[in-house]
Amino acid sequence: MTHIGKRLFWLAPILVLAGCEAVVLSPAGDIAARQATLLVQSTLLMLIIIVPVMALIVWFAWRYRARNRAASYRPDWDHSTKLELVIWAIPLLIIICLGALTWVGTHLLDPYRPLDRISEDRPVGDRTPLRVQVVAMDWKWLFIYPGQGVATVNQMAVPVDRPVQFTLTSASVMNAFYIPAMAGMIYAMPGMQTTLHGVFNEAGEYQGLASNYSGAGFSGMRFRAHALDDAGFDAWIAEARASGQDLDRTRYLELEKPSENVPPMAFANVDPQLFPRVVNMCVEDGRMCMAEMMAYDAKGGLGLPGAANVAALPDTGARGTPRPVLGLPPFQVTGICNAEDETRMLAGLPALQAGPRDLSPLRGQGLAQPGQVRDWLAPHLNPNRLTQTAPQPGADQNL
């Protein structure tokens, strides 16, 4: 092999890159296209300083090599105002431009911000966004279409040129939802809800994936994203409805158990409260929803029944070790709201009508006791002690 052939041999692995697909730079939706533009513009701005620096490194190494006796040798040179101005001014201007570009771009592409256009030359108009609820599981994706009443696993479909509003949460650990050809990445976390807006402008089948490592089955946590015309989307929904399977709370708990490389599946009927219950971590029977806990906390808590949180539930699938409900025996509380109040709470509406508890502290002997605390203490303490107006010698100064 010749000398040149040996050098070219080391470049052979570059040929492997020919099989790579630059999905981020080949967007199929307006949000992804704007993100790709922002990425390219930022890269070009940075190359303004990177390319000259890399070229100068090569030039200096060649010019001042040991065998070049013609190169000037100035060991006493240590400063040049003009050179310092160039060295610092150009990067500063680039940073200012990058800051302005990313400030505007990131606010326009805020995942919570509803779309203002379908594509560069088409505004949203009166197009109603398609709502899709997404649950990250171990290790699969659940998609719920509340408007259509169906759900799918590891596959989703949306109409072309229709805005899509994703509402995301996680059933176990934090994960990240990403369809590179459609929109940016956003995290999904247990007990929380995040939002992402996107749109497809070109029909086709695209890949979605989990971009945050979440355990053993992470590599297979991928799904198909279909961009269809209106007729194709209606046919896809009809096919899901023809599956004959129901996704209720019991079926969800079975689906939630860790599994890898799960094939796509569809459900014809979905419990309308399933996604709110996943967010509020109360899919299981006998578990108080976080919305209910927070509502009682906002009203002052449950008093003595809520002093501890130790009543354990049995282990369920990916939820790990038994977790608490609320209260010490005999005050163990799994839920107080009736069905109507619970439905309102899961929908984000107020349910508790009772006024706030009196939480003013006990300040000492001789002061009026807070009403609810006094009512509880009355049977247990000497009434004369509660009504004393002046401290007695040796008396306890704090109740």
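1. Two strands pair if DSSP finds at least two bridges between them. Strand 4 and strand 5 meet that condition, with 4 bridges in the antiparallel sense. Please keep in mind as you read on that this is a predicted model.

2. A few overall figures may help you get your bearings. The protein chain holds 10 helices and 15 strands. Of its 399 residues, 37% are buried. Taking contacts between residues at least 6 apart in sequence, 63% join residues at least 24 apart. The accessible surface of the chain is about 23800 Å², and carbon and sulfur atoms account for 61% of that surface.

3. Now to the sheet that strand 4 and strand 5 belong to. It is an open sheet of 6 strands in the order 10-7-3-4-5-14, with mixed pairing. Strand 10 (194-198) and strand 14 (265-267) are at the edges; each has a single partner strand, so one side of each lacks a neighbour in the sheet. From one strand to the next, the twist averages 20°. As a general reminder, strands of a sheet pair through backbone hydrogen bonds, in either a parallel or an antiparallel way.

4. Strand 3 is a good place to see the mixed pairing. With strand 7 (residues 164-170), strand 3 (residues 130-136) pairs in the parallel sense over 7 bridges. With strand 4, strand 3 runs antiparallel, and 4 bridges join the two. Val 134 is a handy landmark here: Leu 168 stands opposite it in strand 7, and Phe 143 stands opposite it in strand 4.

5. Two hairpins are worth tracing on your screen. One joins strand 3 to strand 4 through 4 residues. The other, of strand 4 and strand 5, also has 4 residues between the strands, and there Gly 149 takes a positive phi near 75°. Within this second pair, Leu 142 has Val 153 of strand 5 as its bridge partner.

6. How many residues of strand 4 are buried? The count is 5 of its 5 residues, and the strand is mostly covered. Trp 141, Phe 143 and Tyr 145 point one way from strand 4, while Leu 142 and Ile 144 point the other way, and all are buried.

7. Which helix packs on the sheet and touches strand 3, strand 4, strand 5 and strand 14? It is helix 4 (residues 230-241), whose direction makes about 85° with that of strand 5 (150-153).

8. Away from the sheet, have a look at helix 2 (residues 30-63), where Ile 50 is found. Ile 50 counts as partly exposed because its relative accessibility is 39%, and the partly exposed class lies between under 20% for buried and over 50% for exposed. Ile 50 also belongs to a nonpolar patch on the surface, together with Val 24, Leu 25, Leu 39, Val 40, Leu 44, Met 46, Leu 47, Val 51, Val 53, Met 54 and Ile 57. Together the residues of this patch have about 1000 Å² of accessible area.

9. Last, a residue in a loop. Ser 72 lies between helix 2 and helix 3 (81-108). Its relative accessibility is 40%, so Ser 72 counts as partly exposed. Leaving aside neighbours within four places in sequence, Ser 72 is in contact with Arg 63 and Tyr 64.

Methods:
Residues are numbered from 1 along each chain as its sequence is written. This is a predicted model: local features need pLDDT of at least 70, side-chain atom pairs count only at pLDDT 80 or more; totals for chains, interfaces and linings use all residues. Side-chain values use heavy atoms; hydrogens and water are left out. Axes are lines fitted to C-alpha atoms, for helices over the stretch in contact, and angles run from 0 to 180 degrees between N-to-C directions. Contact means heavy atoms within 4.5 Å. Patches are made of residues with over 30% relative accessible area and no salt bridge: like charges are joined within 9 Å, nonpolar side chains (Val, Leu, Ile, Met, Phe, Trp, Tyr) within 5 Å. Accessible areas come from the Shrake-Rupley method with a 1.4 Å probe; for residues, only the protein chains shown count as cover. A salt bridge is a side-chain nitrogen of Lys or Arg within 4 Å of a carboxyl oxygen of Asp or Glu. Buried means under 20% relative accessible area, exposed over 50%, partly exposed in between (1.4 Å probe, protein chains only).
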